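Here's a quick tour of charges, contacts and strand faces for your next look at the model. Keep the viewer open and follow along.

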Amino acid sequence: MQLKVTSVPISEPEVLEIRCHKIDDEVQEIISFIKSRQGVLNGKRDGNEIEIPVYDVCYIESVDNRTYVYTVDDCFEIGMRIYELEEMLSKSTFVRIQKGMILNLMKVNSIKPGLSGRYVALLKNNEEVIISRKYVPDFKQMLKGGERNENEK
């Protein structure tokens, strides 16, 4: 596969074009990556591919080597690992709150202390999720509007 990059004047729109013989797994992975950078994740439900706007995502969870995206109304399986999603969404309002969970801070209604240094977040879809004590410092830092502290990981 060749890669061709052409610079265009600022007056012209930027276009990313993929030209291929067929859409195989490699091309689909590239498409998914590009869409995720534009604020869309590709998920599956009942065998159908569905685009999920990132702003609709409440949280992302990894269970039994599968990754699920939860919105207010739905759950979708996504073909990416939790660490890939964490890295991809690191410049947004998403923060890791458990080993297998990333939370969208924009979907949190309230936070209360839990047991053993944990916290409980009540989401806009009325679900409660546990913030593990290991991830509380990063969570608090994100709430203050700061950067994650990469040195403590």
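Which residues of strand 10 are on the covered face, and which are on the uncovered one? V129 and I131 make up the covered face, while E128 and I130 sit on the uncovered one. That fits a general pattern: in a regular strand, side chains alternate between the two faces of the sheet. Bear in mind that this is a predicted model.

**Strands 9 and 10**
- Strand 10 covers residues 128-131, and strand 9 covers residues 119-123.
- The two strands pair in the antiparallel sense, over four bridges.
- If you want a spot to check the pairing, look at V120, which stands opposite I130 in strand 10.
- Strand 9 and strand 10 make a hairpin with four residues between them.
- In that turn, N126 has a positive phi of about 70°.

**Salt bridges**
- How many salt bridges are there with a side-chain nitrogen of Lys or Arg within 4 Å of a carboxyl oxygen of Asp or Glu? The count comes to four, and three of the pairs, described one by one here, are D74 with R45, E77 with R66 and K112 with E128.
- D74 and R45 meet through their side chains at 2.7 Å, N to O. This pair links distant parts of the chain, 29 residues apart: D74 is in the loop between strand 4 (66-71) and strand 5 (75-78), and R45 is in strand 1 (residues 40-45).
- D74 is partly exposed, with a relative accessible area of 30%, and R45 also counts as partly exposed, at 29% relative accessibility.
- E77 and R66 form another salt bridge, with their closest N and O atoms 3.2 Å apart. E77 is in strand 5 and R66 in strand 4, so this pair ties together parts that are eleven residues apart in sequence.
- E77 is partly exposed, with a relative accessible area of 30%; R66 is partly exposed too, with a value of 42%.
- K112 and E128 bring their closest N and O atoms to 3.6 Å apart in a salt bridge. K112 belongs to strand 8 (residues 108-113) and E128 to strand 10, so the pair ties together parts that are 16 residues apart in sequence.
- K112 counts as partly exposed, at 43% relative accessibility. Its partner E128 is on the uncovered face of strand 10.

**The negative patch**
- Which residues gather in a patch of negative charge on the surface? They're D24, D25, E26, E29, E84 and E87.
- Helix 1 (25-37) and helix 2 (82-88) are the elements that give two or more residues to this patch.
- Helix 1 gives the most, with three residues.
- E87 lies in helix 2. With a relative accessible area of 63%, E87 is exposed, because the cut-off for that label is over 50%.

**The nonpolar patch**
- M1, I18 and I30 form a nonpolar patch on the surface. Together they have about 310 Å² of accessible area.
- I30 is found in helix 1, the helix that also gives three residues to the negative patch.
- Is I30 buried, partly exposed or exposed? I30 is partly exposed, with a relative accessible area of 32%. Patch members need over 30%, so I30 qualifies at 32% on that count.

Technical notes
Residues numbered from 1 in each chain as written. Predicted model: local features only at pLDDT ≥ 70, side-chain atom pairs only at ≥ 80, totals over all residues. Heavy atoms only, no water. Patch = residues over 30% accessible without salt bridge, like charges linked within 9 Å, V, L, I, M, F, W, Y side chains within 5 Å. Areas by Shrake-Rupley, 256 points an atom, 1.4 Å probe, with all protein chains shown as cover. Lys, Arg positive; Asp, Glu negative; His and termini not counted. Charge placed at Lys NZ, Arg CZ, Asp CG, Glu CD. Buried < 20%, exposed > 50% of the residue type's maximum accessible area, 1.4 Å probe, protein only. Pairing = 2+ DSSP bridges.
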